[in-house]
Amino acid sequence: MKQLRERVLRSTSLFVLTGAGSAESGLPTFRGAGGVWRTHRVEDLASPEGFARDPALVWGWYNERRNAHAAAVPSAAHFALAELESRHRDFTLATQNVDSLHLRAGSRNLIELHGQLREARCTGCAARRPLDEPLPLDAIEHECGGRWRPDIVWFGEPLPPQAWQRAIEAAARADVLLVVGTSGMVHPAASIATRFAPQAYVIEINPETTALSEQVDASVRARASDVLPELLTPA
Ligand code: APR
């Protein structure tokens, strides 16, 4: 732990990739025990085809998730990352999460690779509307003839090009890269830790072994909230 702390605190350019391991805020992961994709069908809920087939089903689910996110509280891991950012000149946080918990914990240089649930966008005219409340299921149709959809990256869709470009540029200059709470199963986000940070010392933090564990420099088998605050406390 002492070595990891020194590496992180001495780093000149720190990049962090996070995933649904923010389970500590009471939100389910996707593939772990009780994970979202164990109880719901990806094809129906997180694909353009599923949305075209039954937009009300999709919005019903995203409204539930939006409410759960709003009710959740950032964990010690979220706050520790915001604090790490305040101590680093060059710090970038890229998340696969759409729950806005990093933002609510005070993270600023944040890249939401898989979108967010604070807004909806129209499929017809790219208009946007805030999602301060659940979207009424009788308001899915937009006046332009398009439909309001969650501003989320669904399976089979490309990541937002600007967000992806920002992420790989920041990863390319990182000397230390933290991979926190992700199974490393979903690409291209998972490839940031292996392909786009050639000179970085990569540290994984996850209570379980993942698809990335063999490819990183150090893999810490622990929960994010037990390790990240530790990185802040002087030795
Ligand atoms: N601390 C750190 N890691 C944790 C914790 C914790 N307290 N609790 C669980 N984890 C780890 C699990 O061991 C698992 O490896 O978090 C990981 C969650 O993995 P997934 O459920 O696969 O979530 P994620 O990797 O974020 O999924 C990537 O897939 O479904 C899509 O778009 C969705 O962004 C998501 C993407």
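Pro158 counts as exposed, because its relative accessibility is 66%. That residue is a handy way into this predicted model, since the rest of the tour mostly heads inward. The protein chain has 235 residues, and 54% of them are buried. Below you'll find the overall numbers, the strands in the middle of the story, one helix, one buried serine and the ligand site.

**Starting outside: Pro158**

- Pro158 sits in the loop between β6 (148–152) and α8 (161–173).
- Count 16 residues along the chain from Pro158 and you reach His142, with 24 Å between the two C-alpha atoms.

**The chain as a whole**

- DSSP-style bookkeeping gives 10 helices and 9 strands for the protein chain.
- The radius of gyration is 18 Å, which agrees with the value near 18 Å that a compact globule of 235 residues would have.
- If you want a box for the C-alpha atoms, roughly 55 × 35 × 30 Å along the principal axes will do.
- Take the contacts between residues at least 6 apart in sequence: 64% of them join residues at least 24 apart.
- The protein chain exposes about 11000 Å², and carbon and sulfur atoms supply 52% of that area.

**Strands β1, β2, β7 and β8**

- Strand β1 (residues 14–18) pairs with β7 through 5 bridges, and the two run parallel.
- On β1 there is also a parallel pairing with β2 (residues 91–95), again with 5 bridges.
- β7 in turn is joined to β8 (residues 201–205) by 5 bridges, and this pair runs parallel too.
- For the register between β1 and β7, Phe15 stands opposite Leu177, and Leu17 has Val179 as its bridge partner.
- Between β1 and β2, Thr18 is matched with Thr95.
- Between β7 and β8, Val176 stands opposite Tyr201.
- β1 is largely enclosed by the rest of the structure, because 5 of its 5 residues are buried.
- Both faces of β1 are covered: Leu14, Val16 and Thr18 are buried on one side, Phe15 and Leu17 on the other.
- β7 (residues 176–180) is mostly covered as well, with 5 of 5 residues buried.
- In β7, Val176, Leu178 and Val180 point one way, Leu177 and Val179 point the other way, and all are buried.

**Helix α6**

- Helix α6 spans residues 76–86, and its buried residues are Ala77, His78, Ala80, Leu81, Ala82, Leu84 and Glu85.
- An α-helix has 3.6 residues a turn, so residues three or four places apart point the same way.
- The cover over the buried residues of α6 includes the strands β1, β2 and β7.
- Helices contribute to that cover too, among them α1 (2–10), α7 (101–105) and α10 (224–227).

**Ser213, a buried loop residue**

- Ser213 lies in the loop between β8 and β9 (218–220).
- Despite the loop address, Ser213 counts as buried because its relative accessibility is 11%, and the cut-off for buried is under 20%.
- The side chain of Ser213 makes a polar contact with the side chain of Glu204, at 2.7 Å.
- A polar atom of the Ser213 side chain also lies 2.7 Å from the backbone nitrogen of Thr210.
- Leaving out residues up to four places away in sequence, Ser213 touches Glu204, Ser219 and Arg221.

**The ligand site**

- There are 22 residues around the ligand, and Glu24, Arg31, Trp37, Thr182 and Ser183 come nearest.
- In the side chain of His114, an N or O atom is 2.8 Å from an oxygen atom of the ligand.
- Asn206 places a polar side-chain atom 2.7 Å from a ligand oxygen atom.
- Ala224 takes part through its backbone, where an N or O atom lies 2.9 Å from a nitrogen atom of the ligand.
- On its own the ligand has 730 Å² of accessible area, and the protein covers 92% of it.

How values were computed
Residues numbered from 1 in each chain as written. Predicted model: local features only at pLDDT ≥ 70, side-chain atom pairs only at ≥ 80, totals over all residues. Heavy atoms only, no water. Buried < 20%, exposed > 50% of the residue type's maximum accessible area, 1.4 Å probe, protein only. Helix = DSSP H or I, 4+ residues; strand = E, 2+ residues; numbered from the N terminus. Pairing = 2+ DSSP bridges. Polar contact = N/O pair within 3.5 Å; in protein donor to acceptor, adjacent residues only side chain to side chain. Contact = heavy atoms within 4.5 Å. Rg over C-alpha atoms; globule rule 2.2 N^0.38 Å. Areas by Shrake-Rupley, 256 points an atom, 1.4 Å probe, with all protein chains shown as cover. Near = heavy atom within 4 Å.
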